[in-house]
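Grab a pencil and work through these exercises with the structure open beside you. Each task is followed by a solution in small steps.

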Amino acid sequence: IALSTLIVSYLIATTYANDLNLQDGPPFLSLFIILIMAWYVASSFMGTYAAAVDTIFLSFLHDQEVNDGSPGKPYYMADSLRASIGVKNAKVTPAGDTDTPQDRDSAN
């Protein structure tokens, strides 16, 4: 990210160096400062992204440790994450509905 920012800045600086009558070409000190600032900004964004991923992973691990997928302790993770690791929450039957679908079929 920082290198691509430096390349774009260099191309802009060489284009406008002639328009500004700079005899020595583009200002390399400015380009170096741009490189350092671009590295810092990219590093900050990547650090924030890494912290978000770590937080999601730790929340997932805590959910696995505390909950077991039963009606009293369902998993609270996202459906896509639950599907990717192959765990399911137990189905909750309505209160008073203790018969199974087979019992209903045999009654008819």
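**Exercise 1. Which residues of α2 are buried, and what covers them?**

Before you start, keep in mind that this is a predicted model.

Step 1. Go along α2 and pick out the buried positions: they are Leu 31, Ala 38, Ala 42, Phe 60 and Asp 63.

Step 2. Now look at what sits over them. The cover includes α1 and α3.

Step 3. Check the helix itself. α2 has 39 residues, and the distance from its first C-alpha to its last is 57 Å, close to the 57 Å expected at 1.5 Å a residue.

Step 4. Put the helix into the whole chain. There are 4 helices and 0 strands, so in the order of elements from the N terminus you simply read α-α-α-α. Buried residues make up 15% of the 108 residues.

**Exercise 2. Find out what surrounds the charged residue on that buried list, Asp 63.**

Step 1. Locate Asp 63: it belongs to helix α2, which spans residues 28-66.

Step 2. Look for a partner of opposite charge. Asp 63 is buried but has no salt bridge. The nearest side chain of opposite charge is that of Arg 82, 6.4 Å away. A salt bridge needs the side-chain nitrogen and the carboxyl oxygen within 4 Å, so this pair does not count.

Step 3. Look for polar company instead. The side chains of Asp 63 and Asn 67 are joined by a polar contact of 2.4 Å.

Step 4. List the neighbours from further along the chain. Leaving out residues up to four places away in sequence, Asp 63 touches Pro 74, Tyr 75, Tyr 76 and Met 77.

**Exercise 3. Which residue does Arg 82 form a salt bridge with, and how are the two placed?**

Step 1. Recall the general idea: side chains of opposite charge can pair when their charged atoms come close.

Step 2. Search the whole structure, and you get 1 salt bridge. Arg 82 makes it with Asp 79, with the closest N and O atoms 3.1 Å apart.

Step 3. Count along the helix. Arg 82 and Asp 79 are 3 residues apart in helix α3 (residues 79-85), so about one helical turn separates them.

Step 4. Compare their surroundings. Arg 82 is buried, with a relative accessible area of 14%, whereas Asp 79 is exposed at 55%.

**Exercise 4. Where on α1 do the buried residues lie, and where the exposed ones?**

Step 1. Get the dimensions. Helix α1 (residues 2-19) has 18 residues and reaches 26 Å from first C-alpha to last, close to the 26 Å expected at 1.5 Å a residue.

Step 2. Mark the buried positions in α1: Ala 2, Ser 9, Ala 13 and Ala 17. These four cover an arc of only 70° around the axis, so they sit on the same side of α1.

Step 3. Turn to the other side of α1, where Asn 18 and Asp 19 are exposed.

Step 4. Find the cover. What lies over the buried residues of α1 includes α2.

Step 5. Follow the chain out of the helix. Just after α1, Asn 21 takes a positive phi of about 60°.

**Exercise 5. What does Ser 9 contact in the model?**

Step 1. Place Ser 9 in helix α1. Its relative accessible area is 16%, so Ser 9 counts as buried.

Step 2. Check the polar side. A polar atom of the Ser 9 side chain lies 2.9 Å from the backbone oxygen of Thr 5.

Step 3. Set aside the neighbours within four places in sequence. Ser 9 is then in contact with Leu 31 and Ile 34. Leu 31 is one of the buried residues of α2.

**Exercise 6. Is Ala 78 buried, partly exposed or exposed, and how far is its C-alpha from that of Phe 60?**

Step 1. Find Ala 78 in the loop between α2 and α3.

Step 2. Read its accessibility: at 44% relative accessible area, Ala 78 is partly exposed.

Step 3. Take the distance. Ala 78 and Phe 60 are 18 residues apart along the chain, and their C-alpha atoms are separated by 9.2 Å.

Terms used
Residues numbered from 1 in each chain as written. Predicted model: local features only at pLDDT ≥ 70, side-chain atom pairs only at ≥ 80, totals over all residues. Heavy atoms only, no water. Buried < 20%, exposed > 50% of the residue type's maximum accessible area, 1.4 Å probe, protein only. Lys, Arg positive; Asp, Glu negative; His and termini not counted. Polar contact = N/O pair within 3.5 Å; in protein donor to acceptor, adjacent residues only side chain to side chain. Contact = heavy atoms within 4.5 Å. Expected span 1.5 Å × (residues − 1). Arc of directions from axis to C-beta.
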